[in-house]
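Trainee: I am new to this structure. Please show me how to read it, feature by feature.

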Amino acid sequence: MDQKANPAPGFKRNPAHTITIQPFDGTVTVSFGGIVIAASSRAQLLQEASYPPVLYVPFADIRFEALKPSDTSTHCPYKGDASYWSADTGGETRKDVMWAYKAPYDEMLVIRDHGAFYPDRVAIEATPA
């Protein structure tokens with residue numbers, strides 16, 4: 001095995017766990033406090049086991065000037081370590097609205113440099129093509 005390989009320990013312990021990722025055929029717009037903080041036609045749709053699907057937006061399509069890094073971090077045995085950002089649009093602030101896996105495990109590399117948003121903390125509009 002390549003020394004730089006970073007396989008997910010979760011899949012080793014539980015190979016029946018499923019995560020699928022595919023391009024979302026449409027556009028995704030994320031708003032907070034009436035301001036668009038992300039807009040993309042290049043989002044990835046991640047479906048993990050029986051959890052609700054999650055849209056991951058490329059960093060290039062996220063307005064990071066409306067976000068501030070948070071001290072929050074979490075670990076997923078299938079995806080890796082997640083970092084969080086809070087929304088700050090000048091008039092309104094909300095903690096930990098977005099998370100991302102900056103260095104995901106090998107099986108999840110397609111979501112590197114993508115952020116996902118909590119639908120109960122921001123408005124997410126996904127419009128199919």
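Trainee: Is Lys 79 buried or exposed?

Mentor: First, a caution: this is a predicted model. Now, burial. The cut-off for buried is under 20% relative accessible area. Lys 79 has 5% relative accessibility, so Lys 79 counts as buried.

Trainee: Where does Lys 79 sit in the fold?

Mentor: Lys 79 is in the loop between strand 6 and strand 7 (80-88). Those two strands form a hairpin, joined through 3 residues.

Trainee: Which side chain makes a polar contact with the side chain of Lys 79?

Mentor: That of Glu 48, at 2.6 Å. Next, read the wider surroundings. Neighbours within four places in sequence are left aside. Lys 79 is then in contact with Ile 19, Leu 46, Glu 48, Tyr 56, Tyr 101, Pro 104, Tyr 105, Met 108 and Ile 111.

Trainee: Now the sheet. What is the order of its strands?

Mentor: Read a sheet from one edge to the other. This one is open, has 7 strands, and follows the order 1-4-5-9-8-7-6. The pairing is antiparallel. The twist from one strand to the next averages 35 degrees.

Trainee: Which strands stand at the edges?

Mentor: Strand 1 (19-23) and strand 6 (67-76). Each has a single partner strand, so one side of each has no neighbour in the sheet.

Trainee: How many bridges pair strand 6 with strand 7?

Mentor: Look for 7 bridges, in the antiparallel sense. To find the register, pick residues that face each other. Here His 75 stands opposite Asp 81 in strand 7.

Trainee: How many bridges join strand 7 to strand 8?

Mentor: There are 5, and these strands also run antiparallel. Tyr 84 stands opposite Trp 99 in strand 8. Strand 7 and strand 8 form a hairpin with 4 residues between them. Check the turn for Gly 90, which has a positive phi of about 95 degrees.

Trainee: Where is Thr 89 found?

Mentor: In the loop between strand 7 and strand 8. Thr 89 has a relative accessible area of 19%, so Thr 89 is buried. Leaving aside neighbours within four places in sequence, Thr 89 is in contact with Phe 32 and Ile 35. Look also at Gly 34, which is 55 residues away from Thr 89 along the chain. Their C-alpha atoms are separated by 8.9 Å.

Trainee: In which sense do strand 5 and strand 9 pair?

Mentor: Strand 5 (residues 54-58) and strand 9 pair in the antiparallel sense, over 3 bridges. Here Pro 58 stands opposite His 114 in strand 9.

Trainee: How do side chains point along a strand?

Mentor: In a regular strand, side chains alternate between the two faces of the sheet. For a residue to examine within a strand, take Asp 96, in strand 8. With 8% relative accessibility, Asp 96 counts as buried.

Trainee: Which side chains make polar contacts with the side chain of Asp 96?

Mentor: One contact joins Asp 96 to Ser 70, at 2.7 Å. Another goes to Thr 72, also given as 2.7 Å. Beyond four places in sequence, Asp 96 touches Ser 70, Thr 72, Tyr 84, Trp 85, Ser 86, Tyr 118 and Arg 121.

Trainee: How many aromatic pairs does a search of the whole structure find?

Mentor: The search finds 6. Read each pair by two values: the distance between ring centres and the angle between planes. Phe 59 and Phe 64 have centres 5.2 Å apart and planes at 85 degrees, so they are edge-to-face. Phe 64 is partly exposed, at 30% relative accessible area.

Trainee: What kind of pair do Trp 99 and Tyr 118 form?

Mentor: A tilted one, with 4.6 Å centre to centre and 50 degrees between the planes. Trp 99 lies in strand 8 (residues 93-100), and Tyr 118 in the loop between strand 9 (114-117) and strand 10 (123-128), so the pair ties together parts 19 residues apart in sequence.

Trainee: Are Trp 99 and Tyr 118 buried or partly exposed?

Mentor: Trp 99 counts as buried, at 10% relative accessibility. Tyr 118 counts as partly exposed, at 23%.

Trainee: Which residues form one aromatic cluster?

Mentor: Tyr 56, Trp 99 and Tyr 118 do. Finish with a charge over a ring. The charged end of Arg 121 sits over the ring of Tyr 118, 4.1 Å from the ring centre.

Terms used:
Residues are numbered from 1 along each chain as its sequence is written. This is a predicted model: local features need pLDDT of at least 70, side-chain atom pairs count only at pLDDT 80 or more; totals for chains, interfaces and linings use all residues. Side-chain values use heavy atoms; hydrogens and water are left out. Rings of Phe, Tyr and Trp (its six-membered ring) pair if their centres lie within 6.5 Å; planes under 30 degrees apart count as stacked, over 60 as edge-to-face and the rest as tilted. Buried means under 20% relative accessible area, exposed over 50%, partly exposed in between (1.4 Å probe, protein chains only). A charge sits over a ring if NZ of Lys or CZ of Arg is within 6 Å of the ring centre and within 35 degrees of the ring normal. Two strands pair if DSSP finds at least two bridges between them. Axes are lines fitted to C-alpha atoms, for helices over the stretch in contact, and angles run from 0 to 180 degrees between N-to-C directions. A polar contact is a pair of N or O atoms within 3.5 Å; within protein, one must be able to donate a hydrogen and the other to accept it, and residues adjacent in sequence count only if both atoms are side-chain atoms. Contact means heavy atoms within 4.5 Å.
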